[in-house]
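Open the model in your viewer and keep the selection tool ready. Short stops follow, one after another.

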Amino acid sequence: MSSTHIPRAGLVLLGLLSLGWGFNWPIMKVVISEIPLLMFRGDSILLAAVGLFGIAWFSGQSLQVPAGRWRQLLAMASCNIMGWNMFAIYGVSLLPSGRAAILGYTMPIWSALLSVWFLHEPLTRRRLIGLALGMGGMALLIGTEFEKLGSAPTGVILMLIAAIFWAGGLVIYKRNPLPMPITSLTAWQALLGGIPIALTGHALESVEWGRVSFWPMFGFWYNVFIGLLFCYWAWNKLVQMVPAAVSSLGSLIVPVVGVFSGMVILDEAPRWQDFAALVLVLTAIATVLLPPRQGV
């Protein structure tokens, strides 16, 4: 298999992942209108972890962590779950959902750079073109937020830090993949990363669950079953199937879905930059997914 080509099963996962995570950006804005930020993320992550452990157990997968690999597992959970979710949920609370999604998905920049440095993956011409097109599309959408850096940089900075944590977790896994079933690996990461978030949330925040209205509660359970349980499993599966830079570039469709779902769900106003970015990002993905010619 070409190192720049995603197999058919990966394409299906990528499509479902893009929809699941893309729609989740405006949904999170709805949830945090009534449920405190850390309680929302911590509780939903732990509930997703319980579901993942149950699926792994019923399907006969081993839940055992290989000897000598706990440190790596903790590092992955710290980056992929704790670092990403804590910074991202505060970032999305300060930004329009579409802009937050785009800033979070600057992750491919950091992932591509870290992959070349730590994984010695080649930065081929196709990946460079895809990266340039994809990040050019994102730059169109990020521009408005960077104009605010002088007066309101917090949301932008938080989302960029979250993206760096996510990229770090990806590279930690790809550098020395853990020999574990994907469902078990995802469950352990959710549990280890979710516990500190949930404990902090319950220590600092409070909510009367009986007073939470329908749509925020719907969004909470959407996060448990779709945004976390399914999408984290699908992401880890995709990372296992293809090189880190390819999975990162392929996932660029998620912020496009995030931008347009924000228009539908939250009435975030579309701009010409949104449509131009869509064309650039889809072109970027095509450079990664289409079978390469010999020597490219």
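Where does α8 bend, and by about how many degrees? Select glycine 194: α8 bends there by about 35°. The bend at a residue is the angle between axes fitted to the seven residues ending there and the seven starting there. Now add proline 196, a proline that follows within four residues.

This is a predicted model, in which local features need pLDDT of at least 70, side-chain atom pairs count only at pLDDT 80 or more, and totals for chains, interfaces and linings use all residues. Numbering runs from 1 along each chain as its sequence is written, and side-chain values use heavy atoms, leaving out hydrogens and water.

Zoom out. The protein has 12 helices and zero strands. Helices (H or I, at least four residues) and strands (E, at least two) are DSSP runs, numbered from the N terminus. Buried residues make up 53% of the 296 residues; buried means under 20% relative accessible area, with a 1.4 Å probe and protein chains only.

Next, select asparagine 80 in helix α3 (residues 70–94). Is asparagine 80 buried or exposed? Asparagine 80 is buried, because its relative accessible area is 6%. Show glutamine 189 too: the two side chains make a polar contact at 2.9 Å. Such a contact is a pair of N or O atoms within 3.5 Å; within protein, one must be able to donate a hydrogen and the other to accept it, and residues adjacent in sequence count only if both atoms are side-chain atoms.

Last, pick the cysteines 79 and 231. Cysteine 79 is buried at 13%, and cysteine 231 is buried at 0% relative accessibility.

Technical notes. Buried < 20%, exposed > 50% of the residue type's maximum accessible area, 1.4 Å probe, protein only.
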